[in-house]
Every structure is written in structure tokens, then in C-alpha cells.
Amino acid sequence: MPTREQSDTAIFVCQLLSTLYQPIQVFRYDQKFNTIYIQAGVNDEIALVIDEDGSWEFVL
């Protein structure tokens with residue numbers, strides 16, 4: 001299960017992407033690494049990972 005911090009950050013990021021009219025292609029919680037992965041954008045050009053503490057970073 002995601003932590004409260006992860007959940008709050010995921011909601012924030014998804015709302016931000018929606019406000020910017022960016023489609024969310026993939027939303028996945030990885031139980032092995034305890035991270036949330038989000039891939040978005042018309043051409044899947046946005047990818048980010050949310051850690052257990054709620055911090056997030058873009059991945060290439």
C-alpha cells in the first residue's frame with residue numbers, strides 16, 4: 001500500500017497533469033520498490049517516480 005505522503009503527492013501530480021491537459025498513460029504502484037510510477041503526455045514524454053516519503057523526481 002502507498003503511504004499517505006505518496007497518495008497525497010500522487011493526487012497533486014495527477015491534478016497538475018490534468019490541469020495542463022496532459023493525458024496520464026500509466027499509473028502504477030510498484031510493491032517491490034514501494035514507489036509510484038506515472039507516465040503522461042501526448043507522446044509519453046513525462047515520466048516520474050514518487051518515493052515513500054512523498055518526494056518525486058522526473059525519470060528519463
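**Overall fold, strand pairing and salt bridges**

Arg 28 is partly exposed, with a relative accessible area of 47%. In this predicted model, Arg 28 takes part both in strand pairing and in a salt bridge, and the description below returns to this residue after the overall architecture.

The protein contains one helix and four strands, arranged along the sequence in the order α-β-β-β-β. Its radius of gyration is 11 Å, close to the 10 Å given by the globule rule for 60 residues, so the protein is as compact as a globular protein of that length. Along the principal axes, the C-alpha atoms occupy a box of roughly 30 × 20 × 15 Å. Of the 60 residues, 32% are buried. The exposed surface of the protein amounts to about 4,300 Å², with carbon and sulfur atoms supplying 56% of it. Among contacts with a separation of 6 or more, 28% are accounted for by residues 24 or more positions apart.

Strand β2 spans residues 35–40, and five of its six residues are buried, so this strand is largely enclosed by the rest of the structure. Strand β2 pairs with two other strands, β1 and β3. With strand β1 (residues 24–30) the pairing is antiparallel and extends over six bridges; within it, Arg 28 has Tyr 37 of β2 as its bridge partner. Four residues separate β1 from β2 in the resulting hairpin, and Asn 34 in the turn adopts a positive phi of about 55 degrees. With strand β3 (residues 46–50), β2 again runs antiparallel, the two being joined by five bridges. Here Gln 39 is matched with Ala 47 in β3 as its bridge partner. The hairpin formed by β2 and β3 has five residues between the strands, and Gly 41 in its turn shows a positive phi of about 105 degrees.

Two salt bridges are found in a search of the whole structure. One links Arg 28 to Asp 30, with the closest N and O atoms 3.3 Å apart. Whereas Arg 28 is partly exposed, Asp 30 has a relative accessibility of 17% and therefore counts as buried, the cut-off for burial being under 20%. The other salt bridge joins Asp 8 to Arg 4, at a distance of 3.5 Å between the closest N and O atoms. Both residues belong to helix α1 (residues 4–19), where Asp 8 and Arg 4 are four residues apart, about one turn of the helix. Asp 8 is partly exposed at a relative accessible area of 38%, while Arg 4 is exposed at 63%.

Methods. Residues numbered from 1 in each chain as written. Predicted model: local features only at pLDDT ≥ 70, side-chain atom pairs only at ≥ 80, totals over all residues. Heavy atoms only, no water. Rg over C-alpha atoms; globule rule 2.2 N^0.38 Å. Buried < 20%, exposed > 50% of the residue type's maximum accessible area, 1.4 Å probe, protein only. Contact = heavy atoms within 4.5 Å. Areas by Shrake-Rupley, 256 points an atom, 1.4 Å probe, with all protein chains shown as cover. Pairing = 2+ DSSP bridges. Salt bridge = Lys/Arg side-chain N within 4 Å of Asp/Glu carboxyl O.
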